[in-house]
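Colleague: I am new to this model and should be grateful for a close look at a single part of it. Please begin with that part and then place it in its surroundings.

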Amino acid sequence: QVQLVESGGGSVQAGGSLRLSCAASRYSNSMAWFRQSPGKSREGVASIDHIGLTNYADSVKGRFDISRDHAKNTLYLQMNSLKPDDTGMYYCAASIDLITRSLLPERWGCWGQGTQVTVSS
């Protein structure tokens with residue numbers, strides 16, 4: 001197992017930016033960001049594998065950037081041009097052994113507690 005702690009959430013106006021961080025207790029081959037809004041299912045936002053290949057949801061392409069620092073076991077999500085639809089709880093996910101860039105929640109076994117992002121119009 002790996003412990004994941006997210007940070008960096010907050011409230012911003014539309015068009016603003018936020019940078020989320022996820023500190024992991026150990027190395028994981030693959031990591032990802034998901035989000036969930038009240039009444040909606042959890043959706044994949046972006047993922048990154050062990051060699052830095054990435055995958056993004058269509059709704060965030062060109063606005064969000066996922067990256068990781070292997071030395072610090074930390075995952076990042078730079079979010080620009082934020083929209084009210086980006087509001088939600090953002091979760092970090094990790095897979096220690098599996099190499100994947102899937103945006104399906106069921107493919108991921110380890111989850112953080114989440115950090116809230118609120119974008120106002």
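How many of the 7 residues of strand β3 are buried?

Modeller: The model is a predicted one, and the description below should be read in that light. In strand β3, 5 of the 7 residues are buried, so the strand is largely enclosed by the rest of the structure. The strand covers residues 18-24, and its two pairing partners make a good starting point.

The first partner is β1, which runs antiparallel to β3 and is joined to it by 4 bridges. Within this pairing, S7 has S21 of β3 as its bridge partner. Strand β1 itself spans residues 4-7 and has two faces: L4 and E6 are on the covered one, while V5 and S7 are on the uncovered one.

The second partner is β8, which pairs with β3 in the antiparallel sense over 6 bridges. Here A23 stands opposite T74. Residue T74 belongs to strand β8, residues 74-79. A relative accessible area of 11% is under the 20% limit, and therefore T74 counts as buried. Beyond its close sequence neighbours, T74 touches S21, C22 and A23, and it also touches S67, R68 and D69. S21 thus appears twice in this account, as the bridge partner of S7 and among the residues that T74 touches. In addition, a polar atom of the T74 side chain lies 3.0 Å from the backbone oxygen of K72.

The residue just before this strand deserves a word. N73 is found in the loop between β7 and β8, and its phi is near 50°, a positive value in a residue that is not glycine. With a relative accessibility of 22%, N73 is classed as partly exposed. A similar backbone feature occurs in the loop between β8 and β9, where S81 lies. S81 is not a glycine either, yet its phi is positive at about 50°; its relative accessibility is 42%, which makes S81 partly exposed.

The view can now be widened to the interior. The largest nonpolar core has 29 residues, and L4, M31, W33, L77, M79 and Y90 are those with the most contacts inside it. Several strands give two or more residues to this core: β3, β4 (30-36), β5 (43-48), β7 (64-69), β8, β9 (88-95) and β11 (115-120). Of these, β3 gives the most, with 4 residues. M31 illustrates how such a residue is surrounded: its contacts outside its close sequence neighbours include C22 and A24, together with L4, I48, I66, L75, C92 and W108.

W108 leads on to the aromatic residues. There are 2 aromatic pairs. In one of them, the ring centres of F34 and W108 are 6.3 Å apart and the planes meet at 70°, so this pair is edge-to-face. Because F34 lies in strand β4 and W108 in the loop between β9 and β10, the pair ties together parts that are 74 residues apart in sequence. Both F34 and W108 are buried. Ring pairs link these two residues with W111 into a cluster.

Rings also take part in another kind of arrangement, with a charged group placed over them. The charged end of R19 sits over the ring of Y76, 4.0 Å from its centre. The charged end of R42 is placed likewise over the ring of Y91, at 3.8 Å from the centre.

Two loop residues complete the picture. H50, in the loop between β5 and β6, is partly exposed at 29% relative accessibility. Although H50 and N29 are 21 residues apart along the chain, their C-alpha atoms are separated by 4.8 Å. N29 is also among the residues that H50 touches, along with Y27, R68, H70 and I99. S41 lies in the loop between β4 and β5 and counts as exposed, with 61% relative accessibility. Leaving aside its close sequence neighbours, S41 is in contact with R35 and Q36. The C-alpha atoms of S41 and G9 are separated by 20 Å, with their places 32 residues apart along the chain.

To return to the request, β3 is joined to β1 by 4 bridges, pairs with β8 over 6 bridges, and gives the most residues to the largest nonpolar core.

Key. Residues numbered from 1 in each chain as written. Predicted model: local features only at pLDDT ≥ 70, side-chain atom pairs only at ≥ 80, totals over all residues. Heavy atoms only, no water. Buried < 20%, exposed > 50% of the residue type's maximum accessible area, 1.4 Å probe, protein only. Polar contact = N/O pair within 3.5 Å; in protein donor to acceptor, adjacent residues only side chain to side chain. Contact = heavy atoms within 4.5 Å. Core = buried A, V, L, I, M, F, W, Y, C linked by side-chain atoms within 4.5 Å. Pairing = 2+ DSSP bridges. Phe/Tyr/Trp six-rings, centres within 6.5 Å; stacked < 30°, edge-to-face > 60°. Lys NZ or Arg CZ within 6 Å of the ring centre and 35° of its normal. Lists of a residue's contacts leave out its neighbours within four places in sequence.
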